[in-house]
Amino acid sequence: MSRRNTRMYSANRFKLGLFALNCSGGLTMTKAPERWQASWDNNVKAAHLADESGLEFLLPVGRWHGYRGETDTEGTSFETLTWASGLLSATREVCVFGTLHIAFVNPVFAAKQIVTADHIGKGRFGLNIVSGWNIGEFEMFGIPFKEHNRRYAYTEEWLNIVKRIWSEHEPFDVQGENFKLKGVEGKPKPYYDSYPVLVSAGNSAEGRAFAVRNADCLFTSIAKRETLADEIAVIRSTPRPTAEPATIYASGHLICRPTRKEADEYYHYIVYDMGDWEAAEHAAEIRTKGRATRIAALQTLKERLISGLGTYPVVGSYDDVVETFKWLSEAGVNGMAIGLVNYITDFPALRDEVLPRMARLGLRQAH
Ligand SMILES: Cc1cc2nc3c(=O)[nH]c(=O)nc-3n(C[C@H](O)[C@H](O)[C@H](O)COP(=O)(O)O)c2cc1C
């Protein structure tokens with residue numbers, strides 16, 4: 001057995017995972033009563049559904065401040081390494097990620113914490129590396145918010161230390177720009193003779209290049225259909241230290257119903273009838289960091305924040321949704337981390353309608 005036998009390396013052409021289920025509301029800023037309650041029991045139920053249906057992964061959001069408004073979307077969230085360890089213990093095959101804000105955790109501590117989760121999951125743990133964007137969260141930790149590319153340089157230094165702890169057998173010293181460490185060591189090593197799956201989530205050119213250079217997978221946002229092919233070409237042409245190409249995952253928000261009309265109506269209800277526009281206002285403000293943004297663009301941004309926190313809206317009939325996945329796959333995207341309004345009650349449509357259609361198109365094997 002090796003890590004290659006875990007689901008992240010399955011033969012499925014378009015891999016799928018649940019995203020943000022550790023946070024209240026998940027990816028949806030809505031007051032609708034069926035919105036996601038991120039209790040532990042609900043997380044375990046959703047994890048079982050994903051595990052039993054053959055989904056590849058569960059990806060939590062590392063969040064320290066909520067988005068305020070009436071619902072304070074993501075304001076209640078489980079710490080993700082602890083969350084992953086619990087879910088790895090409760091599941092059999094699905095891979096579970098922890099999401100770390102690199103600046104908030106010492107690499108020696110994190111290396112051991114990650115290895116512990118990896119052993120609990122018998123090699124099914126993965127790390128989502130977040131270099132950070134939310135200034136308020138840095139202020140809460142009392143940690144300086146470095147300039148954009150210096151944040152990635154810091155992450156690179158941090159990650160190289162962690163990789164050495166995972167692979168080297170003699171104590172070593174570090175004389176880096178950010179870390180001066182003596183006699184560094186750590187046991188046990190990762191569960192398999194390879195690093196846990198490393199993903200880095202970023203949208204900027206530097207963020208994407210960082211992922212290609214340092215991680216196995218890039219998780220990124222797709223803005224629109226028209227530019228995707230060019231964006232993928234840029235990512236694929238970025239030099240990479242290993243021969244194996246990086247895998248690229250998108251993030252999306254899934255609303256599917258038997259017909260497109262029903263899906264559109266439900267989307268309208270979530271966003272316009274029940275949307276938490278006050279939370280969206282706050283989220284838009286901290287995301288645009290006060291930059292002048294055209295009113296129309298701001299309105300689109302808020303709508304996208306309510307349905308999916310800025311991820312790609314996958315809204316339509318079951319057939320529409322599968323067409324979107326097919327298009328992404330053909331464009332070179334290897335999979336998607338998806339949010340659902342409610343990860344339990346919306347799951348049967350994904351399992352019973354979407355996955356079989358994907359199997360018929362060859363995007364996934366029947367499970
Ligand atoms: C799929 C995906 C998942 C992300 N998860 C988190 C997260 O859990 N916590 C967080 O603070 N930022 C998260 N981010 C934000 C990124 O880590 C990154 O900080 C942000 O995209 C800004 O980086 P950039 O300037 O390189 O785009 C995520 C981004 C993407 C695309």
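## Exercises on cavities and the ligand site

About 40 Å³ of space lies in the second largest cavity of this predicted model.

**Exercise 1.** State which residues line the second largest cavity and which elements supply them.

Solution. Step one: the lining consists of Ala111, Lys112, Val115, Ile165, Trp166, Gly186, Lys187, Pro188 and Lys189. Step two: helix H3 (107-120) and H5 each give two or more of these residues. Step three: H3 has the largest share, with 3 residues. Step four: by class, the lining has 5 nonpolar, 1 polar and 3 charged residues.

**Exercise 2.** Describe the largest cavity by volume, lining and class.

Solution. Step one: its volume is about 50 Å³. Step two: the lining includes Arg208, Thr220, Glu231 and Val333. Step three: helix H7 (225-236) and strand S9 (247-257) each contribute at least two residues, and H7 provides the largest share, 4 residues. Step four: the lining divides into 7 nonpolar, 2 polar and 2 charged residues.

**Exercise 3.** Locate the ligand and list its polar contacts with His101, Ala201 and Arg63.

Solution. Step one: the ligand takes the space of the largest pocket. Step two: 21 residues surround the ligand, and Gly62, His148, Tyr152, Asn203 and Ser204 come nearest. Step three: this shell has 7 nonpolar, 13 polar and 1 charged residues. Step four: with a cut-off of 3.5 Å for a polar contact, ligand oxygen atoms lie 2.8 Å from a polar backbone atom of Ala201, 2.9 Å from a side-chain N or O atom of His101 and 3.4 Å from a polar side-chain atom of Arg63. Step five: the protein covers 89% of the 620 Å² of accessible area that the ligand has on its own.

Terms used:
Residues are numbered from 1 along each chain as its sequence is written. This is a predicted model: local features need pLDDT of at least 70, side-chain atom pairs count only at pLDDT 80 or more; totals for chains, interfaces and linings use all residues. Side-chain values use heavy atoms; hydrogens and water are left out. A residue is near a molecule or strand if one of its heavy atoms lies within 4 Å of it. A polar contact is a pair of N or O atoms within 3.5 Å; within protein, one must be able to donate a hydrogen and the other to accept it, and residues adjacent in sequence count only if both atoms are side-chain atoms. Accessible areas come from the Shrake-Rupley method with a 1.4 Å probe; for residues, only the protein chains shown count as cover. On a 1 Å grid over the protein atoms alone, a cavity is a set of points where a 1.4 Å probe fits but cannot get out, and a pocket is an open set with protein on both sides within 12 Å along at least five of seven lines; lining residues have an atom within 4 Å of a point. A molecule sits in a cavity or pocket if more than half of its atoms lie within 2 Å of its grid points. Ala, Val, Leu, Ile, Met, Phe, Trp, Tyr, Cys and Pro count as nonpolar, Asp, Glu, Lys and Arg as charged, and the others, Gly among them, as polar. Grid points are joined across faces, edges and corners, and a volume is the space filled by probe spheres set on the points.
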